[in-house]
Structure formats: C-alpha cells, structure tokens
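Hello,

Here is the structure we spoke about. Please have a look at it first; my notes on its pockets follow below.

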Amino acid sequence: MADSEALPSLAGDPVAVEALLRAVFGVVVDEAIQKGTSASQKVCEWKEPEELKQLLDLELRSQGESQEQILERCRAVIRYSVKTGHPRFFNQLFSGLDPHALAGRIITESLNTSQYTYEIAPVFVLMEEEVLRKLRALVGWSSGDGIFCPGGSISNMYAVNLARYQRYPDCKQRGLRTLPPLALFTSKEVGKRHRPNPGLLILISSHVTTPSRRELRFWDLAPTVSESRLMREGKWSPRIWRGRLVWLRLRVLCRSWSVPPLAPLC
C-alpha cells in the first residue's frame with residue numbers, strides 16, 4: 001500500500017512524541033471523557049453510512065499528515081462514535097466510564113504485551129491468576145483454572161466446546177472423525193452470536209420453537225425428539241432449577257444418525 005520510502009517518524013524526536021501524546025490525551029479528556037459523559041451532550045452524533053463516509057476522510061495514503069490533521073481526525077472519530085460512558089447510553093451490556101479502569105487500560109496499551117507466558121508479562125500473569133482465584137472463591141471453588149473471554153460470541157463457543165469435551169473427553173486425541181455426529185438444541189429465539197458456533201465446532205444445529213421467553217424445556221424438544229421413546233429407554237435425566245432446564249442428556253435418532261446431543265443452551 002506504500003512505496004519503499006519510509007514514512008515520517010517521531011521516534012527520533014522525543015519532544016515531538018511527548019507533544020503529540022499530550023495533545024491527543026487532551027482531546028480524549030475534553031471530547032470523550034468530559035463531553036462524552038455529560039447528559040447535556042448527545043450519546044452519538046448519528047449519521048447514516050453514506051453521509052458519514054462523506055464527512056470522514058478514510059483514504060489510506062502513503063504519506064503522513066501534520067499534527068493538526070491528526071488531532072482533527074481524533075476529534076472526528078470521537079464526535080461520530082457512540083459514547084458508551086454517557087448516562088443515557090443503555091444499548092449494550094456495558095456502560096459508564098471509570099477513570100481508574102481507564103488509567104489501567106492506558107498502561108496496558110502503552111506496554112502492549114500479551115498474557116502468553118510469565119516471561120512476556122510477569123506482572124499481568126500474576127494479576128490474572130489472582131483475579132481468577134477470587135472469581136472461583138465467589139462461586140465456592142477452592143481450586144481450578146479459568147480463562148477470560150473478550151465477548152459473548154467467544155464465551156458461548158467456549159461453553160459449547162466444553163460441553164463437547166464433557167461428553168467426549170478424548171475427542172482431541174481421537175479426532176472428530178471418530179466421533180458420532182453431535183447435535184445442539186437451541187431455541188429459534190437464540191441470539192445471532194450462537195449461530196456460527198455449531199459450524200465451527202462440527203455440530204448439527206437444531207432449532208426448537210419455545211412458547212415464551214428464551215427457555216428451552218424438555219417438552220419443547222418433543223417435536224424433534226420422541227419423548228415417549230426417551231422415557232421408555234431411560235435416556236434422559238433433566239435437572240430443573242426454578243422451572244428452567246439447565247441440563248439434558250439425550251441419545252436420539254437425528255437424520256438417520258445416532259446423535260448424542262450436548263447440553264441445550266438455556
């Protein structure tokens with residue numbers, strides 16, 4: 001995308017580097033933190049895609065730009081972005097802006113490391129272990145391990161993968177080709193973040209219509225699985241918690257295959 005000529009760099013000018021960062025931090029404090037958390041300001045300066053393309057210069061160039069241009073681009077990015085710290089932002093599962101958390105993120109971004117091993121991230125690896133220990137203690141576990149998830153989609157994929165390992169602990173050693181086809185029963189109302197999981201994990205996805213809310217109960221599976229057959233053969237054992245089925249073991253005939261389903265996503 002760029003020619004062989006090196007792009008201008010501030011690496012050899014520490015004064016210019018400091019000036020740029022202080023100016024950018026000033027824009028962030030003014031526009032994203034102060035205005036972005038003020039009820040007197042908009043949550044977002046909303047524009048439709050085609051209009052926003054005209055307002056933003058998104059062309060990738062081989063030449064650098066002045067500091068003034070960079071700062072103006074920073075202001076534009078903040079102006080037309082959603083302010084999740086705004087008191088009237090209620091769209092997602094997160095909201096608000098904590099200054100201490102922001103300070104921590106500035107440090108982690110500045111160090112730009114990853115928690116692969118203790119050698120590359122000694123402090124953060126120890127912090128991660130302590131947070132996981134605390135989380136286990138909150139649910140009553142004295143030992144174990146854990147992993148942090150960057151979002152809902154990967155969290156659900158982890159859960160389905162764990163269900164597969166619970167049903168077939170040796171699937172990694174034996175290989176997926178040696179396993180029978182696996183089925184995953186979900187409601188048709190399940191969120192879109194669940195849908196790619198079966199394909200990536202080599203599962204059969206079967207959607208079931210539920211009468212209300214997002215509960216998947218044994219009787220909702222009746223059109224897909226013969227209830228009488230399962231009861232007769234003793235191959236199901238539901239566990240009910242406050243009326244919601246949280247685990248169901250089935251062995252059914254699905255598409256002419258003997259399919260051991262995983263736990264339904266409730």
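**Two pockets**

The second largest pocket holds about 390 Å³ of space. Keep in mind that this is a predicted model.

Which residues line this second largest pocket? They are G104, R105, I107, T108, E109, T113, Q115, F124, M127, E128, V131 and F148. Two elements, α4 and α5 (122-138), each give two or more residues to that lining. α4 gives the most, with five residues. By type, the lining of the second largest pocket splits into five nonpolar, four polar and three charged residues.

Now the largest pocket. Its space comes to about 600 Å³. The lining has 21 residues, and those closest to the pocket centre are A32, T84, L97, L102 and R105.

Where does the lining of the largest pocket come from? At least two residues each are supplied by α1 (14-35), α3 (67-79) and α4 (99-111). Here too α4 gives the most: six residues. The lining of the largest pocket counts 11 nonpolar residues, six polar and four charged.

One helix to look at when you open the model is α4. It is the top contributor to the lining of the largest pocket, and also to that of the second largest. One residue to look at is R105. It is among the residues closest to the centre of the largest pocket, and it also lines the second largest pocket.

Best wishes

Note on methods
Residues are numbered from 1 along each chain as its sequence is written. This is a predicted model: local features need pLDDT of at least 70, side-chain atom pairs count only at pLDDT 80 or more; totals for chains, interfaces and linings use all residues. Side-chain values use heavy atoms; hydrogens and water are left out. On a 1 Å grid over the protein atoms alone, a cavity is a set of points where a 1.4 Å probe fits but cannot get out, and a pocket is an open set with protein on both sides within 12 Å along at least five of seven lines; lining residues have an atom within 4 Å of a point. Grid points are joined across faces, edges and corners, and a volume is the space filled by probe spheres set on the points. Helices (H or I, at least four residues) and strands (E, at least two) are DSSP runs, numbered from the N terminus. Ala, Val, Leu, Ile, Met, Phe, Trp, Tyr, Cys and Pro count as nonpolar, Asp, Glu, Lys and Arg as charged, and the others, Gly among them, as polar.
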